[in-house]
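Visitor: Please take one residue and look at it closely, in plain words. Then go on from there to other places that can be described in similar terms.

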There are 2 protein chains.
Amino acid sequence: MSIRFEVVRNDGAARLGRLQTPHGTVDTPVFMPVGTQATVKGLTPPQLQDAGARIILANTYHLALRPGEEVIAGLGGLHQFMAWDGPILTDSGGYQVYSLALSRKIDDRAAVFRSHIDGRLLELSPERAVAIQEGLGSDIAMCLDECPPANTTAAELREAVCRTVHWAERCRAAHRRPDQALFAIVQGGTDLELRGRCAEALAGLDFAGYALGGFSVGETAAQMLAVLGPSAALLPVHRPRYLMGVGRPEDIVAAVACGVDMFDCVLPTRNGRNAMAFTAAGPLRLRNAQHKRDPAPLESGCSCYACRHFSRAYLHHLFLADEMLGPVLLSLHNVAFYCRLMDEVRGAIGQGRFTEFRSVSLARWGVRL
Amino acid sequence: MSIRFEVVRNDGAARLGRLQTPHGTVDTPVFMPVGTQATVKGLTPPQLQDAGARIILANTYHLALRPGEEVIAGLGGLHQFMAWDGPILTDSGGYQVYSLALSRKIDDRAAVFRSHIDGRLLELSPERAVAIQEGLGSDIAMCLDECPPANTTAAELREAVCRTVHWAERCRAAHRRPDQALFAIVQGGTDLELRGRCAEALAGLDFAGYALGGFSVGETAAQMLAVLGPSAALLPVHRPRYLMGVGRPEDIVAAVACGVDMFDCVLPTRNGRNAMAFTAAGPLRLRNAQHKRDPAPLESGCSCYACRHFSRAYLHHLFLADEMLGPVLLSLHNVAFYCRLMDEVRGAIGQGRFTEFRSVSLARWGVRL
């Protein structure tokens, strides 16, 4: 089998796990930095490694459009192309068809849309989504799903769930690569009955892992958290559970408490580029004039390269001077912050004190859920 | 004394030397990457080190304007501020007053101008230029000079030379830091008699090193090369000689043949940001479609991080996708190219075969001087 997953310890619904892939083993719960276009923006693979990243995500939609998966396959696959030899998960492209593509039309056969880059007419079917990801050669591929927005009607939501299950069957039938795992995606919005039916149907097909999709699509954090626990509980116990595109540190900690094992989100790198640093004491905005003469590192006690060597004053200067190194160093710190958070999460589960860890963290961040 | 310089070997007019500074020893001829705003654009100090950089340049004008030298001094000086613990040379700001500042007015007392950032009225006198650089704490400071454009009149050029000598005296009188060397700058455009008078007057003041200024200000490369040899020969033999702001690989090799020891130029990083890579076989333009599927590194045999890990196809993709990592990796390679060129230059002088090295290099680059 392409991957193996083992739950090492439970603490309430939270799980400490171990995920073996063809490119190495990662401890879960784990955060995956996002390398949309075959690069985690601004960071070299060694910088990512130093920040603590062990598995990253890349986007099927973006890479199929540019440079094209056949180009990447011809160069030895995504790992070699981007010089990342750890595990890679690729999404299916379904979410980007919904969020980025132009004049989208979805029916049972496929999603037809225009490229947001050059307007080319393209088609993404379940079979094509699998073929692209097999060409990329990721360790974990995702089934094509339909991901409707939060304000969708009940009928549309039902239809999206039916199609998602149907497409998952077709992805499973089309999937060939023995060194790649295929995960299914559970849709159903905030309708628990629909999520239950979707999860049951997909579990019957015995995928290597299961994702919760259709969150972070416009609903409030409270709406998401209200259904997250019951939704996660619907998933097979012995398979990794992946909450797609979520999120803020407090959302991740809440989702871990619901039994989720894997996460991805653009926040650490996107906020880093926009001069926002995550710290244990809450966010720092580096453009703020208060940092002009501050000799302190971004976060005391952080062992990332940026915190070991640079002051807030220097980072403030880099952002004011519009220097590339500012986004690089803050992205690096933020990825390190997320990876360290997951270290602490795993430590707390391992010691059976995750509930306490969670309340202390939320209090420290000044967050009320 | 703050620095020591020793000529280890001569090969024609070319010199192999050793420059000791408070932050380490560098072999000359040496290339200094430009860290205008206290950062060599896009590169971390370890990346610079890996690329072979041993001494860098920072700009007095830019740093005095933003964040202000008193901010940097308050944070422990420029080395600590930017986490570069090798030698740093700061220019005097004179060149930027001529090239960047608005509504500039220069008289014997000082240059008065408006900041190109916010229009503030500022003044740069010889004493102020020294005070700024003492605040920054560079290993090598430059005297304030007047740097007229190439198309200046003979009378204006004479006046600029007089003022440059007068200002050098005042800089020398104002300079206090025992752990910082002060270099004088020889002006005189392409007028050898003027350059001779300027060099003689400055040599009489016994500076720690001498720069050739007023090149790369609009004259052709041929015009520069015609006077470079005689100009360099006017400088004291036992002091390091620095050709400011030059240049292309072929210009550097030509200037080494004239007896120049130190160089700085923005080309490796600026061209890197613009998708141009220097290679031993001449320049590569990475946006060019011919690189789309090319598995070769930028330059075979180059041991830089970019060449060890990435294909031209990947770098082409990064530039087309507007990803920050493209400029980072190409800047890194280009700095490594310049540093390796200087390695080879030193090797050739050490073996007494610099003339041959120079002709072979020019032929390989397809350059006729």
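Guide: B:A275 is buried, because its relative accessible area is 2% and buried means under 20% (exposed is over 50%, partly exposed in between, with a 1.4 Å probe and protein chains only). This is a predicted model, in which local features need pLDDT of at least 70 and side-chain atom pairs count only at pLDDT 80 or more, while totals for chains, interfaces and linings use all residues. Residues are numbered from 1 along each chain as its sequence is written, chains are lettered from A and ligands numbered from 1 in the order in which they are written, and side-chain values use heavy atoms, with hydrogens and water left out.

B:A275 sits in the loop between α11 (267–273) and β15 (276–277) of chain B. Helices (H or I, at least four residues) and strands (E, at least two) are DSSP runs, numbered from the N terminus. The backbone of B:A275 has a positive phi, near 70°, although the residue is not glycine. Chain A has a residue that can be described in this way too: A:A38, also not a glycine, has a positive phi of about 65°. A:A38 is in the loop between β4 (30–33) and α1 (45–50) of chain A, and its relative accessibility of 0% makes it buried.

Loops of chain A also hold cis peptide bonds. One joins A:R66 and A:P67, with omega about 10°; A:P67 belongs to the loop between α2 (60–65) and α3 (69–74) of chain A. Another runs from A:V246 to A:G247, with omega near 0°, and A:G247 is in the loop between β13 (241–243) and α10 (249–257) of chain A.

Buried residues occur in strands and helices as well. A:R15, in strand β2 (residues 14–21) of chain A, is buried at 2% relative accessibility. The side chain of A:R15 makes a polar contact of 2.9 Å with the side chain of A:D261, and it reaches the backbone oxygen of A:V237 at 2.8 Å. A polar contact is a pair of N or O atoms within 3.5 Å; within protein, one must be able to donate a hydrogen and the other to accept it, and residues adjacent in sequence count only if both atoms are side-chain atoms.

A:P126, in helix α6 of chain A, is buried with a relative accessible area of 0%. Leaving out residues up to four places away in sequence, A:P126 touches A:R109, A:L144, A:W167, A:R170 and A:C171, where contact means heavy atoms within 4.5 Å. A:P126 and A:C171 are 45 residues apart along the chain, yet their C-alpha atoms are separated by 5.3 Å.

A:C171 leads to helix α7 of chain A, where the buried residues include A:L157, A:W167, A:R170 and A:C171. What covers them includes α6 (126–136), β11 (181–186) and α8 (192–203) of chain A. The 21 residues of α7 (residues 154–174) should span 30 Å at 1.5 Å a residue, and the end C-alpha atoms are 30 Å apart, so the two agree; the expected span is 1.5 Å times one less than the number of residues.

In chain B, helix α8 (residues 192–203) has 12 residues, and its expected span of 16 Å agrees with the 16 Å between its end C-alpha atoms. B:L194, B:R195, B:G196, B:C198, B:A199 and B:L202 are buried in α8(B), and what covers them includes α7 (154–174) and α9 (221–233) of chain B. At the N-terminal end of α8(B), B:D191 acts as a cap, with a side-chain oxygen 3.0 Å from the backbone nitrogen of B:E193.

B:Q133 is in helix α6 (residues 126–136) of chain B and is buried, at 0% relative accessible area. Beyond residues up to four places away in sequence, B:Q133 touches B:T60, B:T90, B:D91, B:S92, B:S138, B:A141, B:M142 and B:Q180.
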